[in-house]
Amino acid sequence: DSFASIENVLNEIFDQNHDLQVKLEQHLPLLESAFFDQLISGGFSSLEELNIRSEHCGLHLEGDGFLCCLIQFGEYRQNLDKEDLELMDKRKVLLREILNPLQEMPWQFYFHDDGGDKTVILFSYYGEWREKTNLFSTMAETVWQSINNVFGNTFYCAFGQICDSPLEIYKSYSDAVRTMEYNMAVSPSKRFSFYNEPPTDQATFFYPLEMEAHLSMFVKSGKKAEAEKLLMEIYQININQRSLSRRM
């Protein structure tokens with residue numbers, strides 16, 4: 001009777017653990033989505049924090065270089081109806097199917113739903129490389145051609161800058177957003193663009209909200225080296241690359 005009682009208790013524990021594991025696996029897509037939202041908004045103050053969250057989601061975000069690509073289907077519309085959303089979902093599934101064969105190359109793809117009509121693709125590259133600009137330009141062209149062969153002129157595609165650290169992925173994403181917004185406003189017929197500092201008003205300073213938030217986070221968490229690096233980047237862009245007035 002004692003062994004039977006112990007066996008029953010153990011079986012209940014095993015069943016509970018199995019149910020818990022199933023629920024955790026069902027919850028993983030939500031954890032992954034929350035992780036990518038925080039990643040592209042620059043919400044991590046250290047690699048340790050980022051890696052812990054990444055492992056918790058079952059992701060292994062590693063590489064020697066990273067690049068964000070923003071895909072938008074159709075013209076920008078603020079309000080999408082039910083049929084539009086269903087069409088976008090189908091296109092996003094098809095987009096993954098199109099690009100999955102390219103995973104065999106030296107880079108890895110990560111997909112993130114960035115709203116009804118937008119998808120973010122994060123590329124990571126493994127291995128030693130020098131001319132990374134040419135490497136990623138070739139990859140971008142390959143991705144563009146693969147998508148264009150299926151969707152034609154029904155989408156926009158913009159790539160951000162290449163970054164060396166996962167902590168700087170938010171910059172690449174921000175670059176892709178600004179590049180797409182600029183091209184859609186100035187050259188709507190241009191559906192593929194690679195980041196190259198979109199022309200800006202040289203009389204205004206560069207200090208986007210995400211950069212301000214990241215600097216504030218570094219200061220609050222005592223990350224002196226990271227804060228100094230970001231301040232130097234702000235200095236380079238505004239003082240060395242722009243012609244600001246003395247007052248500005």
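This is a short walk through one protein structure, from its overall layout to its pockets and salt bridges. Keep in mind that the model is predicted.

Let's start with the layout. The protein has 7 helices and 5 strands. Going along the sequence, the order is α-α-β-α-β-β-α-β-α-β-α-α. So how much of the protein is buried? Of its 248 residues, 38% are buried.

Now to the beginning of the chain. Helix α1 covers residues 2-40. Ile6 sits in that helix. Is Ile6 buried, exposed or partly exposed? Its relative accessibility is 48%, so Ile6 counts as partly exposed. Ile6 also belongs to a nonpolar patch on the surface. The other members are Phe3, Val9, Leu10, Ile13 and Phe14. Together, the patch residues have about 630 Å² of accessible area.

Next, a contrast. Look at strand β1, residues 65-73. Phe66 lies in this strand. Phe66 has 1% relative accessibility, so Phe66 counts as buried. Which residue should you look at alongside it? Take Leu122, which is 56 residues from Phe66 in sequence. In space, their C-alpha atoms are 7.0 Å apart.

On to the pocket. The largest pocket holds about 350 Å³ of space. How many residues line the largest pocket? The lining has 19 residues. Those nearest the centre are Gln161, Lys171, Asp175, Glu233 and Ile237. Which helices contribute? Helices α5, α6 and α7 each supply at least two lining residues. Helix α6 spans 209-220, and helix α7 spans 224-240. Helix α5 gives the most, with 6 residues. What is the lining made of, by class? There are 8 nonpolar, 4 polar and 7 charged residues.

Some of those names come back in the salt bridges. A quick reminder first. Side chains of opposite charge can pair when their charged atoms come close. This structure holds 6 salt bridges. I'll take three.

Start with Lys171, one of the residues nearest the pocket centre. Lys171 forms a salt bridge with Glu168. The closest N and O atoms are 3.9 Å apart. Both Lys171 and Glu168 are buried. For Glu168, the relative accessibility is 16%, and the cut-off for buried is under 20%, so the label fits.

The second bridge also uses Glu168. Here its partner is Lys229, with an N to O distance of 2.9 Å. Where do these two sit along the chain? Lys229 is in helix α7, while Glu168 is in the loop between β4 and α5. They are 61 residues apart, and the pair links distant parts of the chain. Is Lys229 buried or exposed? Lys229 is exposed, because its relative accessible area is 52% and the cut-off for exposed is over 50%. Its partner Glu168, as I said, is buried.

These bridges join up. Glu168, Lys171, Lys229 and Glu233 are linked in a network of salt bridges. Two of these names, Lys171 and Glu233, also appeared at the pocket centre.

The third bridge is within one helix. Asp175 and Arg178 meet in a salt bridge, 3.1 Å from N to O. Why are they only about one helical turn apart? Because Asp175 and Arg178 are 3 residues apart in helix α5. Asp175 has a relative accessible area of 5%, so Asp175 is buried. Arg178 is partly exposed, at 26%. Asp175 is another of the residues nearest the pocket centre.

Last stop, the cavity. How many cavities of 30 Å³ or more are there? The count comes to 1. Its volume is about 30 Å³. Three elements each supply at least two lining residues: β4 at 155-159, α5 at 169-186 and β5 at 192-194. Strand β4 has the largest share, with 3 residues. The lining residues include Tyr156, Cys157 and Ala158. Met180 and Asn183 are on the list too. So are Lys190, Arg191, Phe192 and Ser193. By class, that gives 5 nonpolar, 2 polar and 2 charged residues.

One element to take away is helix α5. Helix α5 helps line the cavity. Helix α5 gives the most residues to the lining of the largest pocket. And helix α5 holds the pair Asp175 and Arg178. That's the tour.

Definitions and conventions
Residues are numbered from 1 along each chain as its sequence is written. This is a predicted model: local features need pLDDT of at least 70, side-chain atom pairs count only at pLDDT 80 or more; totals for chains, interfaces and linings use all residues. Side-chain values use heavy atoms; hydrogens and water are left out. On a 1 Å grid over the protein atoms alone, a cavity is a set of points where a 1.4 Å probe fits but cannot get out, and a pocket is an open set with protein on both sides within 12 Å along at least five of seven lines; lining residues have an atom within 4 Å of a point. Grid points are joined across faces, edges and corners, and a volume is the space filled by probe spheres set on the points. Helices (H or I, at least four residues) and strands (E, at least two) are DSSP runs, numbered from the N terminus. Ala, Val, Leu, Ile, Met, Phe, Trp, Tyr, Cys and Pro count as nonpolar, Asp, Glu, Lys and Arg as charged, and the others, Gly among them, as polar. Patches are made of residues with over 30% relative accessible area and no salt bridge: like charges are joined within 9 Å, nonpolar side chains (Val, Leu, Ile, Met, Phe, Trp, Tyr) within 5 Å. Accessible areas come from the Shrake-Rupley method with a 1.4 Å probe; for residues, only the protein chains shown count as cover. A salt bridge is a side-chain nitrogen of Lys or Arg within 4 Å of a carboxyl oxygen of Asp or Glu. Buried means under 20% relative accessible area, exposed over 50%, partly exposed in between (1.4 Å probe, protein chains only).
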